[in-house]
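Reader: Please take a close look at the aromatic rings in this model and at what surrounds them. I would like one connected account, with the backbone oddities included.

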Amino acid sequence: MTLPVTIDADRCIGSGMCVTTAPTVFDQNDEDGRALIRSDAPLDREREAVRQAVARCPVGAIQATA
Amino acid sequence: MVTGHETGTTVVLPTVRIAPLDPPPELGQLRETRPVTRLQYPDGHRGWLVTNYQVARAILADRRFAVHPIRPAVGNPAKAIENTGSDATAQAGNLLVSDPPVHTYLRRAVAGQFTIRRVAERSEFVSETVATLLDQMLTGGEPADLVESFSLPLPSLVLCELLGVPPSDRRRFEEPTDIRLNPNSTIEELAAARINFLDYVRGVIEHKRASPADDVLSDLARNETLTGNELAGMAMSLFIAGHETTAIMLASSVYALLTTPGRWDALRGDPSLVNSAVEELLRFLTVVPTIFATRTATADVDIADVHIAASESVTISLCAANRDPDRFPDPDRLDLERDAAGHLAFGQGIHTCIGQHLARLELQLGLRGLLERLPNLRLAVPAAKVPMHAPERNAYGVLRLPVEWS
């Protein structure tokens, strides 16, 4: 299954803005803070929050495809 | 007076404020008429000045713009460069003056310490520090300088805990900041302060290598990908960035809330507004150092109807962009209920403030503490008598804030 949201790990700087914006969808790894998508992310219910996270990512590292 | 006067279509960066909390008025005029305009730099070259929010945001996030070469938009260029360190040794490890690929591994070496989760773990310590400082301030009696008693020691003590140095070390990193922010400091004094500071930082790192603990500097000292100079430079920049801007932001926030009619009472009446108020205050005040928003094009870039040639500098006025009415309606109004998310007070792009969540935590808990413990807080002098930092220096805001509370 392809997730409707992806993170460009090369671009990500670990700012955490996505976690602030959509905490049920995104998480950060503890090593360098880069973003992760939670395995239990309720993507269907959080489309608007994901859209906000895409807009607020300071480096444009998040792509939402749905 | 050096202020935004025009020579043809080229301007000098305006720095003189008429109202203490508003950006220089010429910046607003430029944003309306020429949102991207020619800028004359103190070293003689001509670049660009951006005052429009969307263009500012786009350039900060555009990887075709680099921080090198460093060409400050205001002030004596030799002095400005001495502030960040003129030689490669001093610049090593400083995220703000690094470009990829170096910036990438430097940031990854430390970003894990500033995640949402790690910062949240500090909230108890921040709350306790707020309570202790307010106890001391109340015991000391009125009037008090809120900067000396609260807004400076709060981030400094949090930083001591975070980096793992004793609270008594505060002066070791506050003093070089005082010297840097003092417009009367000579180039020699700036250089001497920086060398003393570097000696201190190297000593701390040696100590962390010998007896590591659970703190940011011990973690960095274990990192084998960083050179000794990078480690020292990164530690220096964490010490500086971790106290100066938050201290100025917290005191300036209180000043703005107390001098804008109804704002302090509104927050006191509904403390649940504190988090949105902090975002709005970040937007409204934008205290960040001007020198960190200058970039150099590494390729020709066409943007907003102008052609920026490779090697030209672009200065992004963050305070002007954060007052852009196309993005923030009625921008000069301090509106505590506004959704100010998206402001550029912490920057944008790869240099976005690494400590932004920690700064937010300190500002939110600091304001909450003041509202709860000193609900009748007010200025002890007329608003016009409150001294501000010299406008051309790094960070802008309240220098001292005499207050009463009974």
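Author: Over all chains of this predicted model, a search of the whole structure finds 4 aromatic pairs. One of them is formed by Tyr53(B) and Phe328(B), whose rings meet edge-to-face, with 5.6 Å centre to centre and 85° between the planes. Tyr53(B) belongs to helix α2 (residues 53–60) of chain B, while Phe328(B) sits in the loop between α16 (318–321) and α17 (356–373) of that chain, so the pair ties together parts that are 275 residues apart in sequence. Tyr53(B) and Phe328(B) are both buried.

Another edge-to-face pair consists of Phe197(B) and Phe239(B); here the centres are 6.1 Å apart and the planes make an angle of 65°. This pair also links distant parts of the chain: Phe197(B) is in helix α11 (residues 187–210) of chain B and Phe239(B) in helix α13 (residues 228–259) of chain B, 42 residues apart. Phe197(B) and Phe239(B) are buried. Their rings belong to a cluster, in which ring pairs link Phe173(B), Phe197(B), Tyr200(B) and Phe239(B).

Charged side chains come next. Phe328(B), the partner of Tyr53(B), has Arg283(B) over its face, at 5.2 Å from the ring centre. An arginine is likewise placed over Phe284(B): Arg323(B) lies over the face of that ring, at 4.1 Å from its centre.

The backbone has its own points to check. The loop between α16 and α17 of chain B, which holds Phe328(B), also contains Asp330(B). Asp330(B) is not a glycine, yet its phi is positive, at about 50°. Thr286(B) is a further residue other than glycine with a positive phi, near 40°. Thr286(B) is located in the loop between α15 (274–285) and β7 (294–297) of chain B. With a relative accessible area of 4%, Thr286(B) falls under the 20% limit and is therefore buried.

Two cis peptide bonds can be added. One joins Pro100(B) and Pro101(B), with omega about 5°; Pro101(B) is in the loop between α4 (88–91) and α5 (102–111) of chain B. Another joins Glu142(B) and Pro143(B), with omega about -15°. Pro143(B) is part of the loop between α7 (123–140) and β6 (144–145) of chain B.

Definitions and conventions
Residues are numbered from 1 along each chain as its sequence is written. Chains are lettered from A and ligands numbered from 1 in the order in which they are written. This is a predicted model: local features need pLDDT of at least 70, side-chain atom pairs count only at pLDDT 80 or more; totals for chains, interfaces and linings use all residues. Side-chain values use heavy atoms; hydrogens and water are left out. Rings of Phe, Tyr and Trp (its six-membered ring) pair if their centres lie within 6.5 Å; planes under 30 degrees apart count as stacked, over 60 as edge-to-face and the rest as tilted. Helices (H or I, at least four residues) and strands (E, at least two) are DSSP runs, numbered from the N terminus. Buried means under 20% relative accessible area, exposed over 50%, partly exposed in between (1.4 Å probe, protein chains only). A charge sits over a ring if NZ of Lys or CZ of Arg is within 6 Å of the ring centre and within 35 degrees of the ring normal.
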